[in-house]
Amino acid sequence: MPQVNGRFVPDMKSPRTPDNEEPAEERAHDFRPVDKGFTKEMALAEAERCMDCKKPLCVEGCPVNIKIPKFIEKIREQDFGAALDIIHEDSMLPAICGRVCPQENQCEGRCIRGKKSEPVAIGQLERFLGDQPELASKPQMKPANGKKVAVIGSGPSGITCAGELARNGFDVTVFEAFFTGGGVLVYGIPEFRLPKAVVKREIDGLKELGVKFEFNSVMGNLANADELLGEKGFDAIYVATGAGLPKFLNIPGENLPNVYFANEYLTRVNLMKANKFPEYDTPTKHAKQVVVFGGGNVAMDAVRTAKRLGAERAIIAYRRTEAEMPARRAELHHAKAEGVEVMPLVSPLEFIAGEDGNVCAVKVQKMELGEPDASGRRRPIPIEGAVEEIPCDVAISAIGTNANPFAKKIGGMDLNKWGYIVADENGRTSNPRIWAGGDIVTGAATVILAMGAGKTAAASITETLTAE
């Protein structure tokens with residue numbers, strides 16, 4: 001390890017270590033993980049590239065403020081357990097974040113090295129450590145304080161909050177509507193991006209901390225906020241129900257058979273194993289021609305899933321150009337490498353039924369870009385008379401989601417006009433006993449931002465309840 005006057009000197013000539021990926025022509029036909037992760041040798045080589053900045057902007061770019069240079073220093077020293085312990089001080093989910101976080105817009109996007117060359121592969125290094133949980137020390141636990149907290153939802157925000165509270169001495173119960181934990185991590189993200197075994201491992205780690213999970217528990221139906229805070233004896237509630245209600249296209253034919261919402265389509269495959277029908281009894285259409293409307297990560301997940309289910313032609317249709325797509329560049333790159341076709345500047349007008357009553361085509365309006373709208377992206381404008389039909393036997397809408405309606409059923413807190421929970425920067429709602437965070441507050445966002453909200457709320461809950 002090169003040093004000058006006892007201080008590490010980074011290797012400024014070495015290029016970024018390439019990702020360790022399966023061949024696209026092979027992986028596109030099954031659900032194996034696309035990225036195999038760094039080997040020890042790859043991790044050590046990449047750690048040598050870190051500049052160990054005096055003012056690490058990468059830490060500022062991380063929503064949970066992981067001490068990135070410090071854990072990379074421990075990788076260089078080959079003290080991987082200590083490196084993982086450093087991450088665990090701020091995040092209990094490194095194996096997940098290393099796989100699905102948009103590092104290019106967060107930690108790696110702020111990396112000083114990236115200003116003149118390529119940024120350090122922080123996400124890959126985090127994943128390398130997260131995949132070796134046996135190396136970590138046991139978390140330091142504060143003594144039990146006698147306070148009970150209910151966490152509603154076991155997605156990234158809920159489990160982050162639960163883990164932080166458990167370490168702070170609280171008796172935590174997580175209520176999850178599904179039969180397993182993980183929320184969007186298991187129903188929304190495909191196996192080839194985030195293996196379910198990784199999520200289960202993180203959930204099991206929380207159980208070891210003493211967190212209790214109540215599955216098949218739809219809060220708002222089984223109990224509302226008043227009942228949880230009253231007869232159930234909880235001192236506080238953290239609501240992290242997510243925002244999984246689909247947005248409608250509101251065009252003719254949207255209710256035709258084999259026209260899916262992305263969340264439904266992905267849940268069938270990711271959580272209910274429709275890709276293994278009839279071994280598992282959840283059916284879904286294995287189509288030859290699939291069109292997915294949308295340009296985000298969910299759209300990419302859906303179209304890449306369709307490809308793996310046998311689609312000969314899988315299309316992403318987006319009303320702007322490829323450059324305006326909000327999806328991660330890595331996901332777009334992977335999709336195109338796997339044979340997905342990008343069809344820009346089209347907007348759906350009508351789904352058309354075939355003789356059997358199922359969808360057989362979609363009529364689309366061709367668009368052009370006008371002046372920027374409120375989002376800063378150029379507004380798509382219809383081109384008069386430019387309409388065409390795209391044959392398809394499955395169509396999937398992935399244009400976004402709305403607030404989970406169970407937030408209203410849970411009750412006891414103010415919602416805005418769109419049904420999202422109103423909460424301050426600490427996650428506090430209008431009810432002094434209820435906190436909220438993640439997508440049910442912000443709208444659909446990233447895993448790491450949801451985790452950041454859970455961590456912030458846990459600190460606020462801890463401060464409030466321990467002061468009583």
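Let me start with Asp52, which is buried, with a relative accessible area of 18%, where buried means under 20%, exposed over 50% and partly exposed in between, with a 1.4 Å probe and protein chains only. Asp52 sits in the loop between α2 (40-47) and α3 (57-61), helices here being DSSP runs of H or I with at least four residues, and strands runs of E with at least two, numbered from the N terminus. Its phi is near 50°, a positive value in a residue other than glycine.

Before going on, I should say that this is a predicted model, in which local features need pLDDT of at least 70, side-chain atom pairs count only at pLDDT 80 or more, and totals for chains, interfaces and linings use all residues. Residues are numbered from 1 along each chain as its sequence is written, and side-chain values use heavy atoms, leaving out hydrogens and water.

Leu345, in the loop between β11 (341-344) and β12 (346-353), also has a positive phi, near 55°, and Leu345 is partly exposed, with a relative accessible area of 22%. Most residues other than glycine have a negative phi, and most peptide bonds are trans. Against that background, please look at Phe277 and Pro278, which are joined by a cis peptide bond with omega of about 10°; Pro278 is placed in the loop between α13 (262-270) and β9 (289-293).

What, finally, is the count of disulfides? It comes to 0, a disulfide being a pair of cysteine sulfur atoms within 2.5 Å. The sulfur of Cys53 has its closest cysteine sulfur in Cys50, 6.4 Å away and so too far for a bond.
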